[in-house]
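These are my notebook entries on one protein model. I set down what I looked up, entry by entry.

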Amino acid sequence: MHDHEPDALERRVQELESLLVKRGYVDPAALDRLIETYEHEIGPHNGAQVVARAWTDPDYKARLLADGSAAIAELGFTGRQGEHMVVVENTAQVHNLVVCTLCSCYPWPVLGLPPVWYKAPPYRARAVIEPRIVLAEFGTDVGMDVELRVWDSTAEIRYLVLPERPAGTEHWDAAALAGLVTRDAMIGVARIAAP
Ligand code: FE
């Protein structure tokens, strides 16, 4: 169901899709299955499991920071746009923020499809030029005493932020912790609030 009229871009996509189907280049069922997979099965809940494991298993965390792709694959999250993962850790001294200045490179196997704002030119430009202001607009104040590192994703390397574990969760298990981890925290535009 559509709750709005399709805009010019959506119409172009629909026309292109029907042309590809008509000429037999794509199978509409396979296309639907692919979209369904990335919308529902692959998403930030995968990344949340990676983060929760790192918070509860120091050896896993060490492996994750040393070789993101291999440690993420240990949990079964592999596939397109996630072949070369680098995980960067937020601490009290360092805050990491991920952007793709060129287009919309994003770690699909752990975060699913990127949000609209991540693909939009203002975020892509301003995350590099004025990251503290962008973060403040997301409600995330990073003090001047905290080093801010901005990572530019490419076709070769995709970044995942390992957020800080919030206070008050010392006795939580990995499953409960995973429920706290948000997509935005793994991009680096948000922190994880204490429960
Ligand atoms: Fe890109």
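Entry 1. Salt bridge of arginine 63.
With which residue does arginine 63 form a salt bridge? I found the partner to be glutamate 74, with the closest N and O atoms 2.8 Å apart. Arginine 63 belongs to helix H4 and glutamate 74 to helix H5, so this pair ties together parts that are 11 residues apart in sequence. I then looked up the exposure of both residues. Arginine 63 is partly exposed at 35% relative accessibility, and glutamate 74 is partly exposed at 43%. I note that the model is a predicted one, and that every value entered here is computed from it.

Entry 2. Other salt bridges.
I searched the whole structure and obtained seven salt bridges. One of them joins glutamate 89 to lysine 61, where the closest N and O atoms are 2.5 Å apart. This pair links distant parts of the chain, since glutamate 89 sits in strand S1 and lysine 61 in helix H4 (residues 58-66), 28 residues apart. For glutamate 89 I read a relative accessibility of 27%, which counts as partly exposed. Lysine 61 is likewise partly exposed, with a relative accessible area of 27%.
I also looked up glutamate 130, which forms a salt bridge with arginine 126; their closest N and O atoms lie 2.5 Å apart. Through salt bridges that share partners, Arg126, Glu130 and Glu137 are joined into one network. Glutamate 130 is partly exposed at 26% relative accessibility, and arginine 126 is partly exposed at 24%.

Entry 3. The iron site.
Which protein atoms are the donors of the iron ion? I listed Cys100 (SG), Cys103 (SG), Cys105 (N) and Cys105 (SG), at 2.1 to 2.6 Å from the ion. Cys105 thus appears with both its N and its SG atom. The spacing of the donor residues in sequence is C-x2-C-x1-C. I next asked why the arrangement of the four donor atoms is irregular. The angles they subtend around the iron ion run from 79 to 127°. A tetrahedral assignment requires all angles to lie between 85 and 135 degrees, and the value of 79° falls outside that range, so the arrangement is entered as irregular. As for burial, cysteine 100 and cysteine 105 are both buried.

Entry 4. Glutamine 81.
I looked up the backbone of glutamine 81, which has a positive phi of about 65° although it is not a glycine. Glutamine 81 is placed in the loop between helix H5 (68-74) and strand S1 (85-89). Is glutamine 81 buried or exposed? At 18% relative accessibility, glutamine 81 counts as buried.

Entry 5. A nonpolar surface patch.
On the surface I noted a nonpolar patch formed by Leu16, Leu20 and Tyr25, which together have about 330 Å² of accessible area. Leucine 20 lies in helix H1 (residues 8-22) and is partly exposed, with a relative accessible area of 31%.

Entry 6. The chain as a whole.
I counted 11 helices and four strands in the protein chain. The radius of gyration is 18 Å, close to the 16 Å that the globule rule gives for 195 residues, so the chain is as compact as a globular protein of that length. Along the principal axes, the C-alpha atoms fill a box of roughly 55 × 35 × 35 Å. Of the 195 residues, 38% count as buried.

Definitions and conventions
Residues numbered from 1 in each chain as written. Predicted model: local features only at pLDDT ≥ 70, side-chain atom pairs only at ≥ 80, totals over all residues. Heavy atoms only, no water. Donors = N, O, S within 2.8 Å, 3.2 Å for Na, K, Ca; no water. Tetrahedral: all angles 85-135°; square planar, octahedral: opposite > 155°, others 65-115°. Buried < 20%, exposed > 50% of the residue type's maximum accessible area, 1.4 Å probe, protein only. Patch = residues over 30% accessible without salt bridge, like charges linked within 9 Å, V, L, I, M, F, W, Y side chains within 5 Å. Areas by Shrake-Rupley, 256 points an atom, 1.4 Å probe, with all protein chains shown as cover. Salt bridge = Lys/Arg side-chain N within 4 Å of Asp/Glu carboxyl O. Helix = DSSP H or I, 4+ residues; strand = E, 2+ residues; numbered from the N terminus. Rg over C-alpha atoms; globule rule 2.2 N^0.38 Å.
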